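Visitor: Could you walk me through this model, starting with the words you'll be using?

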Amino acid sequence: MNAAKENLWKAFRGLVVVWIIGMAIGETLIAWGVDNWPILGSIQAHITADATTYLMWQAVAIYVLVGGTIVYSAVRFRASSMSDNEAPVYQKRTWAPFIVTWLALAIAINLANTIYPGMVGLEQIWGIQLDAKNPLVIDVTAQQWKWTFSYPKQGVTDVSELVVPEGRTIDFVLRTKDVMHDFWVPAWGEKKDVIPNEVRHLFITPTVLGTTATNPMIRVQCSLICGNGHPLMRAPVKVVTAANFKTWVANNSF
Ligand SMILES: [Cu+2]
């Protein structure tokens, strides 16, 4: 092995060490973040959180590799570390196998991500929607700057608080009276734009009991800039047991 090649291997080994240390720090932070996830309040939230976690884990590995290579190279190959005769050896080298490997890896990772978590996650989310035999239909009306809810089958009309039973898939039917809005309950993971002259559906299966008063993540929040009142375009939410939902319907229907 000639000196230049040996130097390159040395540098490569150093880079691997930098990568492993960076990964250890980065992935520990990710694990800590995942442990402290605010709330996963629906089946859909678990699916999207799994996808986010997987992609964060992967992003850290790639970020540390790219960032680590830049920092490591700047230090390891700084001008003062080599003689004038030595430097061109590195600068002239076009390492074809490295470029081919990196390109192939980038394509493979992107294709793999399209399949998982992309297509697998969508299949799970759409599966819940298709399997829902008897979803609870709730009409959601957005306008600047408030939300109103109606339960057509239960005879509950135009309430300003969203009350839903735990464990049942809900078909939110989204409409807007004016501009674009976005229906989002942070605890439930998924959200959907509400578009003028369109009727859109968002299927959610809440799994965690709670109210906006006890956990602000359980609230309806517009998440698409819609004017002055946008940040305050919220509505309180109550996730209750099936029995309590029945009682609420009885007290609020006409
Ligand atoms: Cu808004």
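Guide: Let me begin with contact, which means heavy atoms within 4.5 Å. This is a predicted model, in which local features need pLDDT of at least 70 and side-chain atom pairs count only at pLDDT 80 or more, while totals for chains, interfaces and linings use all residues. Residues are numbered from 1 along each chain as its sequence is written, and side-chain values use heavy atoms, with hydrogens and water left out.

Visitor: OK, so what is Ala142 in contact with, beyond its neighbours within four places in sequence?

Guide: Ala142 is in contact with Trp147, Arg175, Thr176, Lys177, His181 and Met233.

Visitor: And is Ala142 buried or exposed?

Guide: Ala142 counts as buried because its relative accessibility is 0%, where buried means under 20% relative accessible area, exposed over 50% and partly exposed in between, with a 1.4 Å probe and protein chains only.

Visitor: Switching topic, what coordinates the copper ion?

Guide: The donors are Cys222 (SG), Leu224 (O), Cys226 (SG) and His230 (ND1), at 2.0 to 2.5 Å; donors here are N, O and S atoms within 2.8 Å of the metal (3.2 Å for Na, K and Ca), and water is not among the atoms, so sites may look incomplete.

Visitor: How are those donor residues spaced in sequence?

Guide: The spacing for the copper ion reads C-x1-L-x1-C-x3-H.

Visitor: Are Cys222 and Leu224 buried or exposed?

Guide: Cys222, at 2% relative accessibility, counts as buried, whereas Leu224, at 25%, counts as partly exposed.
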